[in-house]
Amino acid sequence: MNSPIKSNKILWDSLAELHFEDPWYKLEAFLSGQSSLKSPEVSLLGSDLAGKSLLHLQCHFGLDSMSLARLGLEVTGLDFSEKAITKARELAQALGIDCTFICEEIGANPSQVQDTYDLVFTSYGVLDWLPDLNIWASQVHRSLRPGGRFIMIEFHPLLNAFDLENGKWQYPYFGDGEAIAEEMSTSYTGREMNAPRQMHSWSHSIADILQPLLQTGLALRNFKEYDYSPYDCFPNLVSEQAGRFVWKENIKLPMLIGLEMQRPR
């Protein structure tokens, strides 16, 4: 395990402990039966999901995985944080939700992920943590059975180039493969961490995301951009309506991308 990934694993073990107690994740509502899924991914996933199999990449402590299982899907969640996977397994067992959770880094060889799935899914703040999207795209492709679909909803990569506090450019939009090293003392939920942790992230353009997936042979079925976020997770957002947060200045900058791809039969 290289040093940036090792540092990120330590960070995400810490965040798993923090987030499990964080009201931002609305755990009480989830325990009472509310889904953690948001409208963009629900729309991309579509209907007629019952009985289908799904691999959820970078699942954190599993709320979305278990929400998908509640829709009748046979779900396997994967994350590299042992603490997150332990939390997910404990919660699924306590609730009687049939989910499989695997602790593994994307692209691990040999992999614990031996099956192929009808769907592969990933969402919200996942790609920044991956240094090599060719490895990621290969994982997506080999995990799909012929005819299977890949669904992704992600924050727009343009946002990663901004210091969102002051609206100034700070990071490259086109990544050069080098990790951006920073210290995190506050989670994206706004909650203070017990101690600062080193974090490493990578910039990926839209082309950086799409090209590796296309090169595996996946076919593009749907690509969308959204001018809102379902999460109040950036500075200077206001609630336009339930589940839709927009920039306070009403600037029409993209906030999300949605992707549907299919492995040919």
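**Close-up views of a mixed sheet and its neighbours**

**View 1. Seven strands make an open sheet.** In this predicted model, 7 strands line up in the order S3-S2-S1-S4-S5-S13-S10 to form an open sheet, and their pairing is mixed. Look for the edges at strand S3 (99–103) and S10, each of which pairs on one side only. On average, neighbouring strands of this sheet are turned by 15° against each other, direction ignored.

**View 2. Strands S1 and S4 run parallel.** Here you can follow strand S1 (residues 53–57) beside strand S4 (residues 117–123), to which 3 bridges join it. Which residue in S4 does His56 stand opposite? The partner to find is Phe121.

**View 3. Helix H5 lies across strands S2 and S3.** Helix H5 covers residues 82–95, while strand S2 spans 74–79. Compare the directions of the helix and S3: H5 runs at about 165° to this strand. S3 is also one of the edge strands you met in the first view.

**View 4. Helix H7 lies across three strands: S5, S10 and S13.** Helix H7 is made of residues 206–215, strand S5 of 144–155 and strand S13 of 256–262. The helix runs at about 10° to S13.

**View 5. A nonpolar patch sits on the surface.** Leu214, Leu220 and Phe223 form this patch, and together they have about 230 Å² of accessible area. Phe223 is found in strand S10 (residues 219–226), an edge strand of the sheet. Why does Phe223 count as partly exposed? Its relative accessibility is 31%, and partly exposed covers the range between under 20% (buried) and over 50% (exposed).

Technical notes:
Residues are numbered from 1 along each chain as its sequence is written. This is a predicted model: local features need pLDDT of at least 70, side-chain atom pairs count only at pLDDT 80 or more; totals for chains, interfaces and linings use all residues. Side-chain values use heavy atoms; hydrogens and water are left out. Patches are made of residues with over 30% relative accessible area and no salt bridge: like charges are joined within 9 Å, nonpolar side chains (Val, Leu, Ile, Met, Phe, Trp, Tyr) within 5 Å. Accessible areas come from the Shrake-Rupley method with a 1.4 Å probe; for residues, only the protein chains shown count as cover. A salt bridge is a side-chain nitrogen of Lys or Arg within 4 Å of a carboxyl oxygen of Asp or Glu. Helices (H or I, at least four residues) and strands (E, at least two) are DSSP runs, numbered from the N terminus. Buried means under 20% relative accessible area, exposed over 50%, partly exposed in between (1.4 Å probe, protein chains only). Two strands pair if DSSP finds at least two bridges between them. Axes are lines fitted to C-alpha atoms, for helices over the stretch in contact, and angles run from 0 to 180 degrees between N-to-C directions. Contact means heavy atoms within 4.5 Å.
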